[in-house]
Amino acid sequence: MKIAFFSTKPYDKKFFDIANEKFGHEITYFESRLRRETLKLAEGFDCACVFVNDRVDASVLIALAAQGTRLIALRCAGFNNVDIHSAKELGISVVRVPAYSPYAVAEHTVGLMLALNRKVYWAHSRVREGNFSLDGLLGFDMRSRTVGLIGTGKIGECVASILRGFGCTILAYDKFKNPVCEEKLGVKYVSLDELFAQSDIISLHCPLLAGTRHLINLDAIAKMKKGVMIINTSRGALIDSKAAIEGLKSEKIGYLGIDVYEEEEELFFEDKTFEIRTDDVFARLTTFPNVVITGHQAYFTEEAVSAIAKTTLENITAYEKGENLVNAVMPD
Ligand code: NAD
């Protein structure tokens, strides 16, 4: 199948070229993100292969359909950047990679917790400068701390499993209880308000939907413990960033670790070293000593990237052969 591959990075090309030896698709790699201004690149391609920050809204889909694109192959799990209702109306199929390595994201999540708690990022730069003082580096034992997980799907379950090893008390809120979490990992399901009130650490693992946008807002933060740690490796807009800044200024939020940011599409995955930063909210977040930000790298392990390549190409092959699309994304 002819595939227009958007938002290409050297590592994508490496892993997809290896995986494609088995499938033999005709892949053309474009560095550009897919959006209105770049969609002409997809002309004559059956499939547009996209990532988290490609913008596949209704207007892009209408133009893609007119150009002959019949399939959107997401090489990620989240699909909040695709208007799936419009895709269905236009007869464009959408497939995704629902699971590649929940361990990758879960391990990075816990990495952020530990980095913030033990201030590894401060300690590292201090030692390099010859400052061996421990002032300001005091952490806490994870054992017996209460962690609240919002969303206990594949990633939330892995986070629970790691934290169980630390001896944490694990609370969770999800629309659907995960029996493994409840019966094997000792997770206690509570209401969202209870989770906010009781958790020392709150970690977000639910999808970004209309109902979860700004789930962490001023009201929610007001219900949390003073000094709470908030971790977000899910999707940026789950947190109202301006509310988080207020929470950090008032010291209600004691630690913030984010791998995703609501306006990340203009920032992440690119080297902006020599560019003037225009996002004042992001700039303010980077000034806090108790905020750690990574640029959407939680998924980025060898195992995850090769699994993404394999499943994406399997999805495309299944479409080409007219087989049942097990990883299709459908409107509710
Ligand atoms: P999943 O579908 O297995 O689990 C999501 C869970 O959220 C489900 O149990 C679902 O019931 C629950 N949920 C849905 N609506 C909810 C709500 N309103 N409140 C609470 N829970 C709710 O997904 P997953 O594989 O565990 O991934 C979770 C999220 O992680 C994805 O949505 C994606 O956005 C994000 N993600 C980030 C990265 C990264 O690199 N940072 C990589 C992969 C996935």
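This report walks through a parallel sheet, a helix packed on it and three salt bridges in a predicted model.

## The sheet

Let's start with the seven strands that make up an open sheet. Reading across, the order is 8-7-6-9-10-11-12, and the pairing is parallel. At the edges you'll find strand 8 (188-189) and strand 12 (291-293). Each of these has a single partner strand, so one side of each is left without a neighbour in the sheet. As background, strands of a sheet pair through backbone hydrogen bonds, in either a parallel or an antiparallel sense.

Zooming in on one pairing, strand 10 (residues 228-232) sits alongside strand 11 (residues 253-258), and five bridges join them in the parallel sense. If you want a register marker, take Val 228, whose bridge partner in strand 11 is Ile 253.

## A helix across the strands

Helix 10 covers residues 241-249 and lies across strand 11 and strand 12. Its direction is about 140° to strand 11. Strand 12 is also one of the edge strands mentioned above.

## Salt bridges between distant parts of the chain

The model has 14 salt bridges by the distance rule used here. One of them joins Arg 36 and Asp 57, with the closest N and O atoms 3.1 Å apart. Arg 36 is in the loop between strand 2 (26-29) and strand 3 (47-50), while Asp 57 is in the loop between strand 3 and helix 2 (58-67). That puts the two residues 21 apart in the chain. What about their surroundings? Arg 36 is exposed, at 52% relative accessible area, whereas Asp 57 counts as buried at 19%. Asp 57 gets that label because the cut-off for buried is under 20%.

Another bridge ties Asp 193 to Lys 223, again at 3.1 Å from N to O. Here the partners are 30 residues apart: Asp 193 belongs to helix 8 (residues 192-198), and Lys 223 to the loop between helix 9 (218-222) and strand 10. Both ends are partly exposed, with Asp 193 at 43% relative accessibility and Lys 223 at 40%.

## A salt bridge within one helix

Why are Lys 310 and Glu 314 separated by about one helical turn? They are four residues apart in helix 12 (residues 302-320), hence the one-turn spacing. Their side chains meet in a salt bridge, 3.0 Å from N to O. As for accessibility, Lys 310 is partly exposed at 43%, and Glu 314 is partly exposed at 32%.

Note on methods: Residues are numbered from 1 along each chain as its sequence is written. This is a predicted model: local features need pLDDT of at least 70, side-chain atom pairs count only at pLDDT 80 or more; totals for chains, interfaces and linings use all residues. Side-chain values use heavy atoms; hydrogens and water are left out. Two strands pair if DSSP finds at least two bridges between them. Contact means heavy atoms within 4.5 Å. Axes are lines fitted to C-alpha atoms, for helices over the stretch in contact, and angles run from 0 to 180 degrees between N-to-C directions. A salt bridge is a side-chain nitrogen of Lys or Arg within 4 Å of a carboxyl oxygen of Asp or Glu. Buried means under 20% relative accessible area, exposed over 50%, partly exposed in between (1.4 Å probe, protein chains only).
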